[in-house]
Amino acid sequence: MDLLKTIIFSQLLLFVSSINIIFFPCDTDVNATVVDCSDRPIRHVPAMKSTTVVSLSLSRTKIRHVREHVFEDLPNLKALKMMGNCEPGRLRALDDRSCKVLIHHNAFRSLLKLTTLYLSGNSLTSIPWLPQSLRVLDLQNNRIFHIVEPLKTPNLQALFLSKNCFYANPCNQSFYINETVFRELPNLKNLTLGYNNLTGIPTGLPASLELLDLRENTITEIPDRAFANMATLRDLNLEWNCQRCDHAARPCFPCPQNRSLLLHPDSLYAENSSITFLSLRGNSLKTFPQGFFRPLKNLKRLDVSDNLLIHAIQYGTFFSELTGLSWISLIYNYEPLKTYETLTLSPLIGNISGLEYLLLTGNFFHKLSTESVNVLSKLQNLKKLELRMNFINAFNLTALTQLPSLAYIDLSQNMLSFLPCCFTSPSEVGTQGSCQNQNIYTQESHDQPQIVRDREDTAGNDIRESRKSEVLELLRVDPSRFPSPWALKDYFCHRQLTVDLSQNDILSLKKDVFVGMENTVCLDLSFNYMNQALKMGVFDGMKHLVYLNLSYNRLDLYYNDAFGELDATLKVLDISNNDFHFRMRGMGHRFEFLQHLKNLTVLSLANNGIGMRIDQRLVSSSLRFLYFYGNQLNIMWDSDNNKYTHFFQNLTNLLYLDISNNDLKSISPEVLSNLPGSIEALRISSNGLNYFPWQNISALTSLRHLDLSQNELYYLSPSIIDFGEKFSFLDLSHNRFSFIPQDFFKEAKSLRYLYLSHNQIIELNRQFLPAPFRNGSALQKLTLHANPFKCDCDTSWFADFLRTTPVHIPYLTKYILCEYPQSQLGQSLLSMDQRSCQDIYGSLAFLVSSFLAVALTVLPLLKHLYGWDVWYCLHVLWAGHKGYSQLAGTDSPHHYDAFVVFDTRNQAVREWVYNELTVNLENLGHRRFHLCLEERDWILGLSCIENLHKAVYNSVKTVFVLSSGSNSGETVNGVIRQAFFMVQQRLLDEKVDTAVLVLLDELFPKLKYLQLRKRLCKKSVLSWPRNPRAQPLFWNRMRTALSSDNFKFYDHNMSESFI
């Protein structure tokens, strides 16, 4: 019980209504105890610091890495749910095949109060450190299939390890879990190991287990006393281990040679066994060893379906060991390619006196033998008999008269036709076998005894009536929860005799068909082939019939006395999807029979294509629920046809009317005004409506619920609409509304539910806010998601409204997104910050102050860093524009071929110049160059600047030998910088480019001039190669550079006037 409370607590916490957004983009409740971050595209665990948070959901996100200290600020966290972030194997989404979730080994070390941890669907390959307080651990759908180390969680009560190694998540080996892991789990009660490719029952299972799930493995044998030490085990699931593949709906893996699961007489032996549920489904079993079930004294529910037990069902003796059963499933135990003419149940089944549910679906036989009926007659507590899908073509329901507790007989999906045998006289009637393909009934059948209900069921009639009245009252209180016709069946048929004859071969109905069903309360005849006009007398004898389903047939509802014999009892009538006759051109139809059914409460005429040649009015004083969707009211209420304007008006007690899917493009004021004034719920969805007469809705004074979703409405009246005092629910979702007038909801003071999702609402006017959005309104729930909201300063107030409103707004943090402007596309509307939106003067002041701050801060910095560059570029541009000529006296003869400038303090550069450069250029080669070196050729006594000037102007070329500097020092010194200025000055004065650059380092700083030089004259920038074999090429290029005019090497795309 404690385990159940823990699981329920952890699940319920995650579904608490969320209206608090302090942990945006996650939802949380008012008290900030439950945080829901699921189904959001977040990539990291949100930073949270709270002592109140006890539950956190991070499921189905984009989180791929959980770091070590990410949860340390949530000391009181009890439930953590992180599921489905990266499914393994073929379960993974096609657009995220390469996902991988990594959880740090110590990620949960700070969560000392954690009790439930769900980590399924994350493709984990190892188990992180777990706190000792943990009670529930979910590791399903991962890649964990080899567990050796103990979990060190002595308080663990539930461990879910299913689907870590199966066909959709293959691991290509057998799942293994060490005995020591179980040994340190003394309190483990729930263990699931299904879908794990286990080849045998794990050893060392804890004796404390109450539920063990070993389904869909590859276990071939249950050894003796496999569960002998588990005295508390209640539920044992061993299904689909030796699978039967001729009836498989998914990939199937049979045992070798299609053998069945090997069972031994003592396989389930345990002293004082507590097993109450056992599933051996889908194990290809043909029989059971003698004494196999004998130890299971407390067994109540047994599932042996999808086996090969058809012979054992007829002749097996194992039923004698199951005297305490209340539920048994024997479905789909047929023998392949064989259908029995008659099924004879084992007489030992009749000894199971407490049996309440007997499921015999899918065993393929035509008739139930007389002996079988005698067996069933002994089951005095039988409540449900399921004989679905057996190809039964003959069945005498009268034979079940001795089953006083029977409440549900399922004969659907068979071959029953209820055609009479062609006897010449009643005396020729023989046994059942004399009419093999018919349902036997003759005139003599009327003398057979009827089903008599016991006292308990008779007393239950009052309970049933009370239950239905409570249902109707509930529906009146909350019209947003009106049920479907199928849901109403449960209310009217609960614990009442129900016969299901749907999906058979019944061609027509006659009163003899219902012999033996006289006390039936609910009858389902849907999906047959009935093609007839119903008249009074067909249901004679059905004095207790409350629910009748005749949908999906071809009935002709023309005679006004149809169903007349049911006027006192019938409350639910489903004649939907009988459109065959309604779609015949020129054929008339009448619904006069309705006014004779004084107790009819629910009527479904849905999907009949009703559109013309019918009664002008439906008349009933008892009808409360009418389902009229899927017809053709567009024809009946056409603008040029007022014949059916009052079609529903005489349904004077109608509460619910569904006219959706009727292709209505508009509803006239006359039609709306002539609907029954008693209507409390009106559904007109999925019609394509583009006009609705809002002003006339005041005619429906009792209206509580109006559903106009899935239409094309775009206009709401700007005037005040009188919705009435009871009006509480309005669904306008999936339309084209872009504007909500201020006064439209002014009188909707009781409106509690308003759905505006999936529209075209861009913004709401703050000054003309609709009444439900204001404080003090009765509104409890508002949907706004999937609207193209504008997110700018004009609408920033709306974000604050959503944050502070007490109204519950679903998907507030997930799907209420911005669409305008383009820069905010896809962002949450709640991400807007109103404080960033100031008035126009504040904006101008911000711009001016920002400009001044940038000007006073950045400009001096730029001048200091790039002042000379700017000055130089301006002068170059000016010279290019004005032009200049060579100065007189500068055409003097050159004394040197090249002046070599380098950092004399850099020893490595010095050695390269004297040992490499001078040797190769002055002493080797066809042409010997005359070089000028600072330390060798400068004149003593002259100033440095004079020597530098002479060296530059008396040399044909100036070679700059550059290095990044030792110990990351300066790239150039003062001499190199001054020489560079003189070379540039010479370029301006003489229009002579004499610069040649030699880079000694492989990685050199990206100077702007260097980059420009490479672009302008690439051959004048040389790099010293590290490969000795490439050095001759370098010297050849050096000689070419010193011998040639640099202008010849210029990129022709550069303008000559620029130089």
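Which residue forms a salt bridge with D27, and how far apart are the closest N and O atoms? Keep that in mind as you load the structure, which is a predicted model.

**Stop 1: D27 and its partner.** Select D27 and R40: these two form the salt bridge, with 2.9 Å between the closest N and O atoms. The pair joins distant parts of the chain, since D27 sits in strand β1 (residues 27-28) and R40 in the loop between β2 (34-36) and β3 (55-57), 13 residues apart. D27 counts as buried because its relative accessibility is 10%, under the 20% limit. R40 is buried too, with a relative accessible area of 4%.

**Stop 2: two more salt bridges.** The structure holds 26 salt bridges, so there is plenty to browse. Try D707 and R683 next, whose side chains meet at 3.4 Å, N to O. Here D707 lies in strand β33 and R683 in strand β32 (residues 681-683), 24 residues apart. D707 is buried at 8% relative accessibility, whereas R683 is partly exposed at 33%.

Then move to E935 and R910, a salt bridge of 2.5 Å, N to O. This one connects helix α13 (residues 934-937), home of E935, with helix α12 (residues 907-923), home of R910, across 25 residues. Both ends are partly exposed: E935 has a relative accessible area of 43%, and R910 has 22%. For a network, select D213, R215 and E239, which are joined by salt bridges that share partners.

**Stop 3: aromatic rings.** There are 49 aromatic pairs to look through. Pick F723 and F744: their ring centres are 5.5 Å apart and their planes meet at 75°, so the pair is edge-to-face. F723 is in the loop between β33 (705-707) and β34 (729-731), while F744 is in the loop between β34 and β35 (753-755), 21 residues apart. Both are buried. For a group of rings, select F514, F539, F563, F582, F591 and F593, which form one aromatic cluster.

**Stop 4: a buried isoleucine.** Select I575, in the loop between β28 (572-574) and α7 (579-582). I575 counts as buried, at 0% relative accessibility. Now add L603: the two are 28 residues apart in sequence, yet 7.7 Å apart in space, C-alpha to C-alpha.

**Stop 5: out to the surface.** Show the surface and select V854, V858, L859, L861, L862, L865, Y866, V870, L874 and L877, a nonpolar patch with about 900 Å² of accessible area together. Among them, V870 belongs to helix α11 (residues 840-882) and is partly exposed at 48% relative accessibility.

Finish with K1006, K1014, K1018, K1019 and R1037, which make up a positive surface patch. K1014 is in helix α16 (residues 1008-1016) and is partly exposed, at 37% relative accessibility.

Terms used
Residues numbered from 1 in each chain as written. Predicted model: local features only at pLDDT ≥ 70, side-chain atom pairs only at ≥ 80, totals over all residues. Heavy atoms only, no water. Patch = residues over 30% accessible without salt bridge, like charges linked within 9 Å, V, L, I, M, F, W, Y side chains within 5 Å. Areas by Shrake-Rupley, 256 points an atom, 1.4 Å probe, with all protein chains shown as cover. Salt bridge = Lys/Arg side-chain N within 4 Å of Asp/Glu carboxyl O. Lys, Arg positive; Asp, Glu negative; His and termini not counted. Charge placed at Lys NZ, Arg CZ, Asp CG, Glu CD. Helix = DSSP H or I, 4+ residues; strand = E, 2+ residues; numbered from the N terminus. Buried < 20%, exposed > 50% of the residue type's maximum accessible area, 1.4 Å probe, protein only. Phe/Tyr/Trp six-rings, centres within 6.5 Å; stacked < 30°, edge-to-face > 60°.
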